[in-house]
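User: I am new to this structure and would be grateful for a close look at one part of it, the place where two helices pack against each other. Please set that part within the chain as a whole.

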Amino acid sequence: MNEPKQPRKLNTGSASGRSSVPSGSTGRRINRSGSPASGSGQQRTVYHASEQPRRQAQPQRQDQPQRQDQPRRQAQPAAHRGQPRRRPKKKKSPLKIALISLLTLVAVVCVGLFGLYQWVVRSISPEGGAPTINELINTPSEYKGDVVNILVCGIDKDETRDYGGDSSSNDGMTDMIMYVNFNVKEKKINMLQIPRDTYPGEEYNHGNTGKINAVALRNEGGITDLAKLISEQYKLPIDYYVTIDMQSLKEIVDHFGGIEVYIPQDMSYKGSTLEQGYRNLDGEAAEFFVRNRNYAQADIARLDMQRYFYQGLFARIRTANVWDIAKLTPVALKYITTDIPGDVLVSLGVSFLQVDSSNIMMCKLPTYSAAQRYNKQTHLICDVAKTTDLLNQYFRTYGEPVYELNVPTLATVGESTDPNVQYMGQLDTEAEGAQAGG
């Protein structure tokens with residue numbers, strides 16, 4: 001509230017030409033009626049200029065009725081009488097003050113988030129602006145903005161891990177390879193899992209492993225060479241890439257306070273055990289769940305199991321708030337690298353939240369077991385016929401189909417694996433059923 005104004009200190013030296021009061025007097029007498037001072041005895045109200053901030057109340061004139069609705073006026077010097085009086089300031093309502101405070105807070109937060117966003121984008125972009133995907137393998141320009149194709153890879157750099165008895169792979173190889181086709185216009189996402197042991201041919205160096213997961217590590221172009229290989233062999237356009245250090249998995253899950261995941265079967269390996277059911281997995285349990293390859297089909301079965309984790313993670317991301325994102329920022333800075341421009345990254349994030357789980361599909365590359373080992377290591381051979389049909393049905397819906405791939409093959413045995421097409425909505429229903437059943 002505004003404090004009442006102190007009375008204006010009157011100027012004892014008049015600018016109107018009247019003589020000043022002799023020294024020793026306390027102030028200049030002013031005739032309120034405007035008539036000259038006289039000794040007629042008529043009662044007058046006399047004001048005295050004083051150094052005191054407050055005046056004593058003056059007696060009411062006898063010849064004028066008392067009016068309670070008008071405040072008393074203070075006499076002003078002649079030099080100020082022609083100036084308009086100032087209107088008293090209006091008091092601000094508590095609601096208005098609260099609204100102004102809220103808007104100020106929002107503005108500060110927005111500026112802070114924008115600065116944080118700029119910092120994060122610069123931090124997860126490749127150092128020096130390179131490497132980036134060659135434009136020659138990008139999605140055709142006529143579909144730009146409507147369709148985006150991204151290569152997502154999980155890199156394992158921890159040599160101490162040994163899930164499945166193959167510790168030699170834990171040295172920076174892309175043990176998770178996923179091709180993501182995001183149809184922004186139709187709000188659909190199709191994801192293709194490429195097994196880590198798939199045979200890549202001999203055009204690109206793979207360190208004599210005969211496995212695709214070694215290409216990014218063994219070639220000078222790194223992840224961009226892996227993108228070129230996939231585009232050339234499977235006739236798939238790629239616009240951007242994202243690499244995620246698999247060490248981030250535990251931190252991501254723990255920052256979220258655990259992830260609710262349906263575990264479709266009991267599993268155990270080297271003293272670690274997970275029982276079937278709908279459970280909240282902490283970082284350590286989630287890491288074991290997605291890495292375990294102790295199945296009859298080893299890595300092929302692991303790809304199917306990982307989908308249940310993706311389902312739980314996507315469900316948790318949809319409920320994330322700004323504070324969740326803030327907590328994950330250090331993880332992103334430390335473990336994620338991408339060449340997606342900042343504005344595109346934000347746009348894709350917003351568009352992703354608009355995609356219904358019934359329109360998110362996951363499948364895996366159909367493969368055979370190789371007839372013989374490659375440099376004493378087992379590997380998988382792509383089933384070209386099944387793969388061609390799969391890609392035309394789910395990943396080339398916006399362009400012309402392709403009937404000839406450039407995928408290298410070797411002698412195989414047995415039947416090829418099923419791509420196991422599943423929609424995230426199906427996994428949601430399965431998880432909800434398990435939760436309801438206790």
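Analyst: Contact here means heavy atoms within 4.5 Å. On that basis, among contacts in the protein chain between residues at least 6 apart in sequence, 68% join residues at least 24 apart. The model is a predicted one. Its protein chain contains ten helices and 14 strands, and 42% of the 438 residues count as buried.

The part in question is formed by helix α4, residues 248-255, and helix α5, residues 283-291, whose axes lie 8 Å apart. The two helices pack at an angle of about 130 degrees. Angles over 145 degrees count as roughly antiparallel and those of 65 to 115 as roughly perpendicular, the rest beyond 35 being oblique; α4 and α5 are therefore oblique to each other. Their crossing is right-handed.

On the side of α4, the residues that take part are L249, K250, V253 and D254. They meet G283, E284, A286, E287 and V290 of α5. By character, the residues of this contact comprise four nonpolar, one polar and four charged.

A further link elsewhere in the chain may be added for context. The structure holds six aromatic pairs. In one of them, the ring centres of Y262 and Y308 are 5.9 Å apart and the planes stand at 65 degrees, so the pair is edge-to-face. Y262 belongs to strand β5 (residues 259-263) and Y308 to helix α6 (residues 299-318), so this pair ties together parts that are 46 residues apart in sequence. Both Y262 and Y308 are buried.

Key: Residues are numbered from 1 along each chain as its sequence is written. This is a predicted model: local features need pLDDT of at least 70, side-chain atom pairs count only at pLDDT 80 or more; totals for chains, interfaces and linings use all residues. Side-chain values use heavy atoms; hydrogens and water are left out. Axes are lines fitted to C-alpha atoms, for helices over the stretch in contact, and angles run from 0 to 180 degrees between N-to-C directions. Helices (H or I, at least four residues) and strands (E, at least two) are DSSP runs, numbered from the N terminus. A crossing is left-handed if the near helix is turned anticlockwise from the far one by less than a right angle, and right-handed if clockwise. Ala, Val, Leu, Ile, Met, Phe, Trp, Tyr, Cys and Pro count as nonpolar, Asp, Glu, Lys and Arg as charged, and the others, Gly among them, as polar. Rings of Phe, Tyr and Trp (its six-membered ring) pair if their centres lie within 6.5 Å; planes under 30 degrees apart count as stacked, over 60 as edge-to-face and the rest as tilted. Buried means under 20% relative accessible area, exposed over 50%, partly exposed in between (1.4 Å probe, protein chains only).
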